[in-house]
Amino acid sequence: MKIVFMGTPDFAVATLEKLYADGYEVAAVFTQPDKPKGRGYKLTPPPVKVLALEHGTPVYQPDSLKKDAEEYLDILKKISPDVIVVAAYGKILPKEVLELPRLGCVNVHGSLLPKYRGAAPIQQSVLDDEAQTGITTMLMGEGLDTGDILLQETADIGIDETAAELFDRLAVMGAELLVKTLPLLDKGEITPVKQDESKATYAKMLSKDMCELDFDNSARAVHKKICGLSDWPCAVTFLDGKRIKIYHSSLLDETGSFGAPGEIIDDREFVVACKQGKFKITELQAEGGKRMKTADYLRGKPVTKGTILGR
């Protein structure tokens, strides 16, 4: 089976790796253009490009498949793939591309569609305190994540699991589900199922505007916000007027009253009270410092019991 792969971030790498490992013919990889990163704004290739080049696969990085449709459609026609596999590519595919492969375009999506269509399904499932999420493979349509469902697999979300940790798990699950989907699709042994539009929800892109914690919420809500925004854009609060990022926390009590909202009630373990309940900060990054476990941070910069976090 000849495949063209389209994907960009780490989530897509696991799927591409699995295709190589299982001996599929990956004829070309499409990914987003290199972007400047870090303090030096060094031009950095997407993780998918790095992997593709390691395997000697031709890589294409169009700014837009719609604007440059003629050029890239010609390339795809010459390759004549049986299927285009898409995982977190980050670009809309024109109708001409969707209709080109014999088996269609198969997308690996990080939710149980039709729930959480859109840009941040994994993070939103954690932010919403879902007990479960999963992976969907689907035939892509012209709408955003609206195509017919091929296969789905469910995953539990741990109470302290961050979006980044869930990302890693679902990336592997997605890769396994894709290689289960492709042969069944090729043999005509899957019946695509239309999505129930009445149950569709959308997960919008995350932004830094949503990062500041509000301790007037319950400890569970604050904890899930920390989990859902980790590693990026990352929950923040203020300690003695300086910003701190919080990457990991642990929920200790959901309903009790332990102090003023945002009050540090245990300075040995960095336990914080909310309007209802309390939680413990377990990994953080102080302004101008490095990301570290809280125990290491407290050895160098003890906090004071009774201090109120926030501004």
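A biologist and a modeller talk through how features of this predicted model get their labels.

Biologist: Let's start with the sulfurs. How do you know that cysteine 211 is not in a disulfide?

Modeller: A disulfide needs two cysteine sulfur atoms within 2.5 Å. For cysteine 211 the closest cysteine sulfur sits in cysteine 234, 7.0 Å away, so that is too far for a bond.

Biologist: And what rules out a bond for cysteine 227?

Modeller: The same kind of check. Its closest cysteine sulfur is in cysteine 234 at 11 Å, so again it is too far. Searching the whole structure turns up zero disulfides.

Biologist: What makes cysteine 211 and cysteine 227 count as buried?

Modeller: Buried means under 20% relative accessible area. Cysteine 211 has 3%, so it is buried. Cysteine 227 has 1%, so it is buried as well.

Biologist: Why is glutamine 123 called buried?

Modeller: The limit is 20%, and glutamine 123 has a relative accessible area of 13%, so it is buried. It belongs to helix α5, residues 121-127. Leaving out residues up to four places away in sequence, glutamine 123 touches Ala163, Phe167, Leu206 and Gly228.

Biologist: On to helix α1, residues 10-21. How do you know that its length fits a helix?

Modeller: At 1.5 Å a residue, its twelve residues should span 16 Å, and the end C-alpha atoms are 17 Å apart, so the two agree. Right after α1 comes glycine 23, with a positive phi near 85 degrees.

Biologist: What makes α1 "mostly covered"?

Modeller: Nine of its twelve residues are buried. Among them are Phe11, Val13, Leu16 and Tyr20, and Lys18 is on the list too.

Biologist: What does α1 pack against in the way of helices?

Modeller: Helix α6, residues 163-186: the two axes come within 8 Å and cross at roughly 35 degrees. That crossing is right-handed. From α1, Phe11, Ala14, Thr15, Lys18 and Leu19 take part, meeting α6 residues that include Phe167, Leu170, Ala171 and Leu182.

Biologist: And the sheet: what makes β5 and β10 its edge strands?

Modeller: The sheet is open, with seven strands in the order β5-β2-β1-β6-β7-β9-β10 and mixed pairing. β5 (59-60) and β10 (149-156) each pair on one side only, and that makes them the edges. α1 packs on this sheet, touching β1, β2, β6, β7 and β9, and its direction makes about 165 degrees with that of β1.

Biologist: How do you know that β7 and β9 are paired?

Modeller: Pairing takes at least two bridges. Strand β7 (residues 105-109) and strand β9 (residues 132-139) are joined by four, and they run antiparallel. Valine 108 stands opposite threonine 137 in β9.

Biologist: What about β12, residues 235-239: which of its faces are covered?

Modeller: Both. Ala235, Thr237 and Leu239 are buried on one side, with Val236 and Phe238 buried on the other. β12 pairs with strand β13 (residues 242-253) through five bridges in the antiparallel sense, and phenylalanine 238 has arginine 243 as its bridge partner in β13. Two residues lie between the strands of this hairpin, where aspartate 240 takes a positive phi near 55 degrees.

Biologist: Why would anyone single out a positive phi or a cis bond?

Modeller: Because most residues other than glycine have a negative phi, and most peptide bonds are trans. Just before β12, two bonds are cis. The one from serine 230 to aspartate 231 has omega near 10 degrees, and the one from tryptophan 232 to proline 233 has omega near 5 degrees. Aspartate 231 lies in the loop between α7 (219-229) and β12, and so does proline 233.

Biologist: Serine 80 has a positive phi of about 50 degrees. Why is it called partly exposed?

Modeller: Partly exposed lies between buried, under 20%, and exposed, over 50%. Serine 80 has 47% relative accessibility, so it falls in between. It is in the loop between α3 (69-79) and β6.

Biologist: And phenylalanine 270, also with a positive phi, near 55 degrees: buried or exposed?

Modeller: At 0% relative accessibility, phenylalanine 270 counts as buried. It is found in the loop between β14 (264-266) and β15 (271-273).

How values were computed
Residues numbered from 1 in each chain as written. Predicted model: local features only at pLDDT ≥ 70, side-chain atom pairs only at ≥ 80, totals over all residues. Heavy atoms only, no water. Buried < 20%, exposed > 50% of the residue type's maximum accessible area, 1.4 Å probe, protein only. Contact = heavy atoms within 4.5 Å. Expected span 1.5 Å × (residues − 1). Axes fitted to C-alpha atoms, helices over the stretch in contact; angles between N-to-C directions. Left-handed = near helix turned anticlockwise from the far one by under 90°.
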